[in-house]
Amino acid sequence: MEADTLIKSALLALPLAFLLLSFWPGRRALAWLAPALLLALLLHWVLPTGLLAYLVSFAVFASVFALLSLGLNVHWGYTGLFNIGIAGFFALGAFTSALFTTAMPSGALALYSQQAFGLGMPFLVGVLSAAILSGVVAFLVGLPTLRLREDYLAIATIGVAELIRLVFQNERWLANGPQPLRGIPRPLYCLTDGPSCDWLPTFLHPLFAGLEPRDYPYLYLVLVSAAVVLVYLALEKALRSPWGRVLRAIREDEVSAAMVGKNVFAFKLEAFVVGAMIMGIGGAFYAHFLVSIDYGHFIPLFGTFLIWVMLMLGGSGNNKGAILGAFVIWGVWTGTAFLTDTLTPFLAAISEDLPARSPYLRYLFISLVFMAILLYRPRGLLGEEKTVSQFMENAK
Amino acid sequence: MLGARRWREQVGRLWARPWVPPLFLLFLVLLPILLAAQQGVSPDRLLSLVIWGTMLGSILALGAIGLTLVYGILRFANFAHGDLMTLGAYLALFMLTLLPQGPPLRPFSFSLEFLVALGLVFPLTGLAALLVDRFLYRPLRFRRAQPVVLAMAAFAAAFFVRSLIYLFWGPDFLFYYVGRPRPAMEVFGVLLRPDQLFILGLALLLVFLLYLLLEKTKLGKAMRATADNPDLARTCGIPTERVALWTWLLGGGLAGISGVMLGLDAQLRPEMGWFMLLPLFAAVILGGIGNPYGALAGAMVIGIAQQVSASFLNPAYAPGVAFVLMILVLLVRPQGIFGRPGG
């Protein structure tokens, strides 16, 4: 067996182990590593290399969206907060992390690219700053609106999302808008490049020698899936804690929650901030994989609507559903791109303008899916699980 | 805590005085004007900005009145209202391709067939709004879905309508009459295009007709009563479903007309309605939800503020100006300037 297959399988084994773990949770999480490794080797053996590489980078994007969808689940699924400005926190996370981790452009590059600051910090600092800034903005948005009727929050979140996008579009000094902000560092990229990491002990170098720069998605999938698992576990814990129970009480009946002495406003604000922080983390992971981002990524359709469809399809109030929905809808979204390509001859027969506009067919399709979910299956694929407490795991 | 409560009571009593809400409205209009004057914008320019703002405000008002009626009568935030405006604008464009083209009605840039199209847009957009209601909102309403679920459905409908527009007309900017000159003329030192005067006049006429409808007809009274308190209205024997039907026809039609006006004033693009959504909601909230006259006043304030602020701010941030005014009102008076407590 070749060295690169082995290391790639080992890298793939980690996300697969996370997947197996979430379906069959057990006490010994590490026990899944061996079967996951076997499964990864099997995948390498069965699937053509190109297809597997495609699936890996597909999984990276779907995991990023899973993070966003988990964040929305805290807002809508747990607490019933109607946030339709996800794109704002998404963009904020992406640009913040990018600004914290890139180096200030110098020399000839400075003529073409401007940014407010470039701190050249490590990846994790970038992710953390993205989460913190998204949380702060959510706090400021929530403060005047969460005491009022529920749809005021929705209108305010639309406003904030539009405003954030406009700022990144028009303010050149901030993040090179409207041009893309380029050169966002990829974490652990040096492992695929030689490896050339100076922190890696020399005896480990042969381990990664088989990796090439184009295998980078394998590495990134480990990082982003670890983030998804951490957020998932934390949210599952929180849902079963007293805090999570209060959130669901507020969602079901705000007045009753207030009557038993809960500070409804404070809990809503906490939930809003926590969800926005997760969205910010999702944005950071999006930026570091894409390397170059601009305001156009954060239009309402892509940055907000798609994530709503993911959560509602998977089942709001269910974290597994949020992740499942992200994978399914991202599959539909990318799959329909192929479909419209094959449809091109037929569309050309109807009107000569249509083939160029076929990408909009997927917008149409996704919005129909969303309406169908609302009308015919409001609980989504998985629906909400009845969860009472972490101490009553089997109480049904 | 007692102090806070007494403070709130005092403030509530203050708002109940008849002269306070108009004064606050005046303050909101003067705020951007004073800011602009402080930045050294000349009075001449300010005057023309205010007049352009009034025109934008009258376009906004047509949309906002429909939105506030739907909001009050059907009790949910119709996030698809902006896209109904877009639909109306494109429907007019479609009808212009069908109708024979006449000579331009000087001094306006449009011809006779444009007025025919404008007349047809009203029922067609109203019908489109009604169709969305029949297939999407009504089933949810009958299931007694929460208002927020209806708002979500409206959000989906907005993207549905917009993707249809993208599909049929593409993403580019379009014009009703390509290459026709649109000269401006000077009216009392203010540069205005005749088209803009037409828009202003038509909007005022429609608002007046709407006033007659709401005040003098049985349907109008039923609508106001339902917007005020749907349960009480139903108890009094008002057929709320029929009121809902007329609300959609009227609100959708007005949105369509205001979309055409927006397209005539500038250009048509698929996101035009989405960009209007924030000013629309700002106007509705400013005036108090369910109050058509409040929406009219709110729309004027927002229109003027957006135009005047363009003299010292990047015009791209116009929606941001509406947003800031809305947050200001939410902080000071959440039920709207003309709203009642608990609204």
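These questions and answers go through a predicted model, in which local features need pLDDT of at least 70, side-chain atom pairs count only at pLDDT 80 or more, and totals for chains, interfaces and linings use all residues. Residues are numbered from 1 along each chain as its sequence is written, while chains are lettered from A and ligands numbered from 1 in the order in which they are written.

Biologist: Which element gives the largest share of the side of chain B that touches chain A?

Modeller: Two residues are in contact if their C-beta atoms, placed from the backbone, lie within 7 Å. By that rule, 31 residues of chain B are in contact with 30 residues of chain A. Elements giving two or more residues to this side of chain B include α5 (112-142) and α11 (272-287). The largest share, 13 residues, comes from α6(B).

Biologist: How many residues of α3(A) are buried?

Modeller: A residue is buried if 20 or more other C-beta atoms, placed from the backbone, lie within 10 Å of its own. Helices are DSSP runs (H or I, at least four residues), numbered from the N terminus. α3(A) is mostly covered, and the number buried, of its 31 residues, is 22.

Biologist: On which residue is the kink in α3(A) centred?

Modeller: The bend at a residue is the angle between axes fitted to the seven residues ending there and the seven starting there. In α3(A) the kink is about 40°, and its centre is N73(A).

Biologist: What phi does G80(A) take?

Modeller: G80(A) comes just after α3(A). Its phi is positive, at about 75°.

Biologist: How far apart are the end C-alpha atoms of α3(A)?

Modeller: The expected span is 1.5 Å times one less than the number of residues. For the 31 residues of α3(A) (residues 49-79) that gives 45 Å, which agrees with the distance in the model, 43 Å.

Terms used:
A residue is buried if 20 or more other C-beta atoms lie within 10 Å of its own, exposed if 12 or fewer, and partly exposed in between; C-beta atoms are placed from the backbone.
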